[in-house]
Amino acid sequence: MSDRDVRIYEVGPRDGLQNESTPIETDEKLRFIELLAAAGLREIEATSFVSPKAIPQLADADELMARLERRPGVRYPVLVPNERGLERAEAAGADAVCVFTAASEPFTKANINMTIAESIDAFRPVIARARERGWWSRGYVSTAFGCPYQGEVGEAAVVGVAKELLSLGVDELSIGDTIGVAGPSDVRRVVSALLGAGIAPSQLSMHFHDTRGTALANVVAALELGIRTFDASTGGTGGCPYAPGAAGNLATEDLVYLLDREGLGHGVDLDALLVAARHISDTLSRPLGTKVGQAGGWQVP
Ligand code: HMG
Ligand code: MG
């Protein structure tokens, strides 16, 4: 991958849907994933093998993964919080897993009912087994820019958790602005601290929720620091039931447009992506609220 190429890691089917209260048919989720792959996305986070009580919307994870028609060259990671999740994921045919913790204790407790240290201990056998099987893996560090319960989060806490996750052997980290409070200076502060701790830009993805409209500005700040992987959600949906006040993720279509204007490669066809975005807004019976979803690409006159 050249320095002019960006990886877009699609989280729409997982983060985008997990907070939706109206049950969505598995067929509609599978169609969404297929449209995303057809638009050129090569990493599509499909679902979560978590407690169905914690995230009812994704209670169909076993069926969804078993029925998913995998396209060659596309990775379909899933979230797993513990060994039980890994077993379910394996039985359903997954081969890429994400563990998830945070840089603040109260959010970690609310989200997965563990301390940060307990979460690392819980993930150790999960990542060990994933590695034995040759699976790809990722570790999420949520609340890296602010916590809904604690408030500000210092970069030292982010670096500490990031290093613990890397020591388990995950292939990459995703650094999350879970509630969408960061601005570009925060991104420079946190990412510089991670790089200063010896973590390579290629080991990092940035995961911005766009609650306050700063996500694209944050992407630009991260690009300037050499980050080339971004999480995004087609249709701009997203949020976590345990992160009150969080709104949707950075919309994939808004990211694609920005990357096009910056002359950066990403492999995604914007028109095809908008078909996927409209599919999910129709499924949710909501108008498509994203900027590029509304305006479309620029048809130069
Ligand atoms: P717990 O209650 O402490 O655990 O939950 P437990 O072991 O006592 O289990 C409770 C029940 O869940 C039991 O069932 C278990 O069998 C079951 P019961 O006896 O009550 O019938 N259970 C499971 N069932 C299916 N699959 C499993 C599983 N594990 C236990 N894997 C637990 C702890 C971690 C399980 C729970 O808190 C949980 O599932 N949390 C997930 C929360 C979640 O998915 N949050 C959203 C993802 S994180 C996010 O969105 C942020 C991110 O986008 C980045 C960012 O924005 O920053 C990634
Ligand atoms: Mg998220």
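Before we look at any one residue, let me say that a polar contact is a pair of N or O atoms within 3.5 Å, and I will use the term in that sense when we come to the ligand. What you see above is a predicted model, so every value I quote this morning is computed from that model.

Let me start with ligand 1, where that definition is needed. An oxygen atom of ligand 1 lies 2.9 Å from a polar backbone atom of Ser 51, and because the limit is 3.5 Å for a pair of N or O atoms, this pair at 2.9 Å falls within it. Two side chains make approaches to the ligand as well: an N or O atom in the side chain of Ser 142 is 2.7 Å from an oxygen atom of ligand 1, and for the side chain of Thr 178 the corresponding distance is 2.6 Å. Around the ligand there are 27 residues in all, and those that come nearest are Gln 18, Lys 53, Asn 113, Ser 142 and Thr 178.

One of those nearest residues, Asn 113, deserves a moment of its own, since its phi is positive, at about 55 degrees, although the residue is not a glycine. Asn 113 sits in the loop between helix 5 and helix 6, the latter covering residues 116-132. Is Asn 113 buried or exposed? Its relative accessibility is 53%, and because exposed means over 50%, Asn 113 counts as exposed.

A second residue with a positive phi is Thr 143, with a value of about 50 degrees, and it too is not a glycine. Thr 143 is found in the loop between strand 5 and helix 7, which spans residues 155-168. Here the relative accessible area is 0%, so Thr 143 is buried.

Now to the magnesium ion, which is ligand 2. Which residues of the protein act as its donors? They are Asp 15, through OD, together with His 207 and His 209, each through NE2, and they lie 2.0 to 2.3 Å from the ion. Along the sequence these donor residues follow the spacing D-x191-H-x1-H. Asp 15 belongs to helix 1, residues 12-18, and His 207 to strand 7, residues 204-208, so that the pair, 192 residues apart, links distant parts of the chain. His 209, for its part, is in the loop between strand 7 and helix 9.

If we ask how accessible these donors are, Asp 15 is buried at a relative accessible area of 2%, His 207 counts as buried at 5%, and His 209 is buried at 4%. There is also a link between two of the donors themselves, as the side chain of His 209 makes a polar contact with the side chain of Asp 15, at 3.2 Å.

Let me turn to the pockets. The largest pocket holds about 520 Å³ of space and has a lining of 33 residues, with Val 50, Leu 79, Phe 100, Asn 111 and Ile 112 nearest its centre. By class, that lining divides into 16 nonpolar, 13 polar and four charged residues. Several elements supply at least two residues each, namely helix 1, helix 4 (83-91), strand 4 (96-102), helix 5 (105-112) and strand 5 (136-142). Which element gives the most to this lining? It is helix 5, with four residues.

Helix 5 is also where Lys 109 is found, and at 44% relative accessibility Lys 109 counts as partly exposed. The C-alpha atoms of Lys 109 and Ile 179 are separated by 16 Å, with their positions 70 residues apart along the chain.

The second largest pocket has a volume of about 250 Å³. Its lining is made up of 17 residues, and Gly 235, Gly 236, Thr 237, Gly 289 and Thr 290 lie nearest the centre, while helix 11 (270-283) and helix 12 (291-295) are the elements that give two or more residues to it. Five of the lining residues are nonpolar, eight are polar and four are charged.

Finally, a word on helix 9, residues 215-224, which contains Ala 221. Ala 221 is buried, with a relative accessible area of 3%, and its C-alpha atom is 30 Å from that of Phe 32, a residue 189 positions away in sequence.

Conventions: Residues numbered from 1 in each chain as written. Chains lettered and ligands numbered in written order. Predicted model: local features only at pLDDT ≥ 70, side-chain atom pairs only at ≥ 80, totals over all residues. Heavy atoms only, no water. Donors = N, O, S within 2.8 Å, 3.2 Å for Na, K, Ca; no water. Buried < 20%, exposed > 50% of the residue type's maximum accessible area, 1.4 Å probe, protein only. 1 Å grid on protein atoms, 1.4 Å probe; cavity = no way out; pocket = protein on both sides within 12 Å on 5 of 7 lines; lining within 4 Å. Points joined across faces, edges and corners; volume = space filled by probe spheres on them. Nonpolar A, V, L, I, M, F, W, Y, C, P; charged D, E, K, R; others polar. Near = heavy atom within 4 Å.
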